[in-house]
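User: I have a new model open and would like to walk through it with you. Can we start with the core, then move to the ligand and the odd backbone spots?

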Amino acid sequence: MSRTVYVNGEYLPEGEAKVSIFDRGFLMADGVYEVTSVLDGKLVDFDGHAIRLERSLNELDMRAPVTKDELLNIHRELVAKNDVVDGGVYLQITRGAPADRDFVYPDPDETPCTVVLFTQSKPGITESPAAKNGIKVISIEDQRWGRRDIKTVQLLYPSMGKMMAKAAGCDDAWLVEDGYVTEGTSNNAYIVKDGKIITRQLSKDILHGITRAAVLRFAAEAQMEVEERLFTIEEAQQADEAFITSATMFVCPVVEIDGAQIGGGAPGSIAPRLREIYLDEARKAAI
Ligand code: PMP
């Protein structure tokens, strides 16, 4: 069935949606994005994603082309038009399509941003085998640019990382810079030792995950100890548990890192507990 998608103010069948070849998203990866999960037909943490989007746009001197309320309406309209029960909404805003290719930013009064949204249906998204059995990761050097706190569409290195993981018979890669884990290719990374949850502190080195913020809040509310600091792959391999968070994976256990089993190769108790709390709260607060 053909999806209805949104492009610059119009709802169109996916086959009819078009963006210019001069679009700076296409030519220069000059764009930002967000992925908001949908559970039971409702948006999970829409506010968090809208706030981060605004920050990404500001950091790149891009003018928000739509208000937060308009964005919420578009998200809801697309979920309804496409009968999405479980899945997500992908949103991308680029610096638009000037008349020609040029490194210099176009005048925003002459070149409006391009706004594209589409839905992805993923029935049974909360019941994934990955969440039940855990995933295996490899470590690779973090070779991305230095502003990973801005959610840009420059996703080639993360994509290469996933392919390296796949070639090694694993599910994902953890990125390592100066000896310390930054994050996963498309998720934040955590270890658990003696009941304490350890994850890298926020900086320009990692994306400020919306799921990360929620999970750390729920962990603190459940009296779990949280420490935000650097950790190495060696420390992770000695940990009792490891896990990742993202809007699409929620909380997912990691059971192997570079061939070393974590917690005997099966999910422990903390990651599954956090997943349960997160999903419960996400469903309750979804709009
Ligand atoms: N880090 C990176 C590099 C990501 O791409 C993502 C997912 N977009 C995350 C972390 C997790 O962020 P969120 O919880 O907001 O999905």
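Analyst: What follows goes through the cores, two helices, the ligand site and a few single residues of this model, which is a predicted one.

User: Fine, so which residues have the most contacts inside the largest nonpolar core?

Analyst: Those with the most contacts inside this core, which has 24 residues, are V32, L43, L53, L91, I93 and L117. At least two core residues each are supplied by β3 (31-39), α2 (46-59), α3 (68-81), β5 (87-94) and β6 (114-121), and the largest share, 5 residues, comes from α3.

User: What does L43 touch, leaving out residues up to four places away in sequence?

Analyst: With those sequence neighbours left out, L43 touches T36, S37 and V38, then L72, H75, R76 and V79, and also V89, A286 and I287.

User: And which residues are in the other core?

Analyst: Another core, of 23 residues, lies apart from the largest one, and among its members are L39, I197, L274 and I277. In general terms, nonpolar side chains tend to be buried together in soluble globular proteins.

User: L274 and I277 sound like helix residues to me; which residues of α8 are buried?

Analyst: The buried residues of α8 are I270, A271, L274, R275, I277, Y278, L279 and A282, so the list, on the under 20% relative accessible area cut-off, holds both of the residues you mention. Helix α8 covers residues 270-285, which makes 16 residues, and reaches 22 Å from its first C-alpha to its last, close to the 22 Å expected at 1.5 Å a residue.

User: Back to α2 then. How far does α2 reach, and what covers its buried residues?

Analyst: α2 has 14 residues and reaches 20 Å between its first and last C-alpha atoms, which is close to the 20 Å expected at 1.5 Å a residue. Its buried residues are F46, G48, H49, A50, R52, L53, S56 and L57, and what covers them includes β3, β4 (42-43), α3, β5 and α6 (210-221). After α2 comes D61, whose phi is positive, near 55 degrees.

User: Switching to the ligand, which residues come nearest?

Analyst: There are 17 residues around the ligand, and of these R52, K151, E183, I210 and T211 come nearest. R52 is also one of the buried residues of α2.

User: What about polar atoms, where are the ligand's nitrogen and oxygen atoms relative to K151, E183 and A247?

Analyst: A nitrogen atom of the ligand lies 2.3 Å from a polar side-chain atom of K151, and a ligand nitrogen atom is 2.6 Å from an N or O atom in the side chain of E183. For A247 the polar atom belongs to the backbone, and an oxygen atom of the ligand is 2.8 Å from it. The ligand on its own has 390 Å² of accessible area, and the protein covers 92% of this.

User: Now D142, is it buried or exposed, and where does it sit?

Analyst: D142 is found in the loop between β7 (135-141) and α5 (156-167), and counts as buried because its relative accessible area is 6%. The side chains of D142 and T182 are joined by a polar contact of 2.6 Å. Not counting residues up to four places away in sequence, D142 touches R148, Y157, L175, V176, E177 and T182.

User: I had N73 selected as well; how far is N73 from D142?

Analyst: The C-alpha atoms of N73 and D142 are separated by 37 Å, and the two residues are 69 residues apart along the chain. N73 is found in helix α3, and is partly exposed, with a relative accessible area of 47%.

User: Last topic, the positive phi values. What is phi for D83 and for F250?

Analyst: Phi of D83 is near 50 degrees and phi of F250 is near 60 degrees, each a positive value in a residue other than glycine. As background, most residues other than glycine have a negative phi. D83 lies in the loop between α3 and β5 and is exposed, with a relative accessible area of 59%. F250, by contrast, lies in strand β14 (residues 250-257) and is buried, at a relative accessible area of 0%.

Technical notes
Residues are numbered from 1 along each chain as its sequence is written. This is a predicted model: local features need pLDDT of at least 70, side-chain atom pairs count only at pLDDT 80 or more; totals for chains, interfaces and linings use all residues. Side-chain values use heavy atoms; hydrogens and water are left out. A nonpolar core is a set of buried Ala, Val, Leu, Ile, Met, Phe, Trp, Tyr and Cys residues joined through side-chain atoms within 4.5 Å. Buried means under 20% relative accessible area, exposed over 50%, partly exposed in between (1.4 Å probe, protein chains only). Helices (H or I, at least four residues) and strands (E, at least two) are DSSP runs, numbered from the N terminus. Contact means heavy atoms within 4.5 Å. A residue is near a molecule or strand if one of its heavy atoms lies within 4 Å of it. A polar contact is a pair of N or O atoms within 3.5 Å; within protein, one must be able to donate a hydrogen and the other to accept it, and residues adjacent in sequence count only if both atoms are side-chain atoms. Accessible areas come from the Shrake-Rupley method with a 1.4 Å probe; for residues, only the protein chains shown count as cover. The expected span of a helix is 1.5 Å times one less than its number of residues.
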